[in-house]
Amino acid sequence: MRAALLCLGLIAAIACAAQPALAKSAAKQGAHGAIALQRETGRFGYVSNGATSRAAKIEALNLCGDPRCEVVVSFSNACGALARGPKKYSPATGATRQEAETKALRLCAAGECTVVAWACTK
C-alpha cells in the first residue's frame, strides 16, 4: 500500500513538473508579434508574445502610444524588423532576426538606413 502511494505521488509530481513546460511549448506554437509605427514622430511599439495576431497588433498600437500609429508588420512564429532611412521606413519579416533586419535594410535601399525596432516570437 505504501509503495502504491509513493508511486502515485511520484506520478503526480512528474505531471505537475511537466505542466509548465507543456504550457510554454503550446504558447510558443501560437506566438504572434507586431510592430506599430507613427511615421511623423518615429514613435513605435512592438510585441513578440501575443496570444493571437489581433492581440499582438492591439498591444503594439497601445505601446506606440499615439492615436495615429499603424501596424506596419505582423508575424507569427517568426521575426519582424523596421528600418528607418532618410525618407522612409521599411518593415520586413524573416525566419530569424538577422533575416528580418537584412530584408528591412534591403527594402530601405539607402546607405543611411538603420534598424530601429525588431522582435521575434521564437
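Reader: Is Cys120 buried or exposed?
Author: This is a predicted model, and the answer refers to that model. The relative accessible area of Cys120 is 18%. The cut-off for burial is under 20%, so at 18% Cys120 counts as buried.

Reader: Which residue forms a disulfide with Cys120?
Author: The sulfur atom of Cys120 lies 2.0 Å from that of its partner. A disulfide requires two cysteine sulfur atoms within 2.5 Å, so the pair qualifies. The partner is Cys79.

Reader: How many residues apart are Cys79 and Cys120?
Author: The disulfide of Cys79 and Cys120 has 115° about its S-S bond and is right-handed. It links distant parts of the chain, with Cys79 in strand β4 and Cys120 in strand β6. Cys79 is buried, at a relative accessible area of 2%. Along the chain, Cys79 and Cys120 are 41 residues apart.

Reader: How many bridges join β4 to β6?
Author: β4 covers residues 79-84, and β4 and β6 run antiparallel. One residue opposite another across the two strands is Leu82, which faces Ala117 in β6. The number of bridges joining β4 to β6 is six.

Reader: Which strands stand at the edges of the sheet of β5, β4 and β6?
Author: The sheet is open, its three strands are in the order β5-β4-β6, and the pairing is antiparallel. Two of the strands each have a single partner, so one side of each is left without a neighbour in the sheet. These edge strands are β5 (89-94) and β6 (114-120).

Reader: At what angle does helix α3 run to β5?
Author: Helix α3 covers residues 97-108. The helix lies across β4, β5 and β6. Its angle to β5 is about 145°.

Reader: Is the disulfide of Cys108 and Cys113 left-handed or right-handed?
Author: Cys108 and Cys113 are joined with an S to S distance of 1.9 Å. Cys108 is buried at 6% relative accessibility, and Cys113 is buried at 12%. The torsion about their S-S bond is about -75°, so this disulfide is left-handed.

Reader: On the same side of α2 or on opposite sides: where do Ala56, Ala60 and Cys64 lie?
Author: Ala56, Ala60 and Cys64 are buried residues of α2. Around the axis they cover an arc of only 70°. On the other side of α2, Arg54 and Asn62 are exposed. The arc of 70° therefore puts Ala56, Ala60 and Cys64 on the same side.

Reader: Which strands are included in what covers the buried residues of α2?
Author: The helix α2 covers residues 53-64 and has 12 residues. It reaches 17 Å from first C-alpha to last, close to the 16 Å expected. The cover over its buried residues includes β1 (32-38) and β2 (43-50).

Reader: Which residue just after α2 takes a positive phi?
Author: The phi in question is about 80°. The residue that takes it is Gly65.

Reader: Which residue is joined to Cys64 by a disulfide?
Author: The S to S distance of this link is 2.0 Å. With -75° about the S-S bond, the link is left-handed. Both of its cysteines are buried. The partner of Cys64 is Cys69.

Reader: What is the pairing of the bonded cysteines?
Author: A search of the whole structure finds three disulfides. The bonded cysteines are numbered in sequence order. The pairing is 1-2, 3-6, 4-5.

Notes
Residues are numbered from 1 along each chain as its sequence is written. This is a predicted model: local features need pLDDT of at least 70, side-chain atom pairs count only at pLDDT 80 or more; totals for chains, interfaces and linings use all residues. Side-chain values use heavy atoms; hydrogens and water are left out. Two strands pair if DSSP finds at least two bridges between them. Helices (H or I, at least four residues) and strands (E, at least two) are DSSP runs, numbered from the N terminus. Contact means heavy atoms within 4.5 Å. Axes are lines fitted to C-alpha atoms, for helices over the stretch in contact, and angles run from 0 to 180 degrees between N-to-C directions. The expected span of a helix is 1.5 Å times one less than its number of residues. Buried means under 20% relative accessible area, exposed over 50%, partly exposed in between (1.4 Å probe, protein chains only). The arc is that of the directions from the helix axis to the C-beta atoms.
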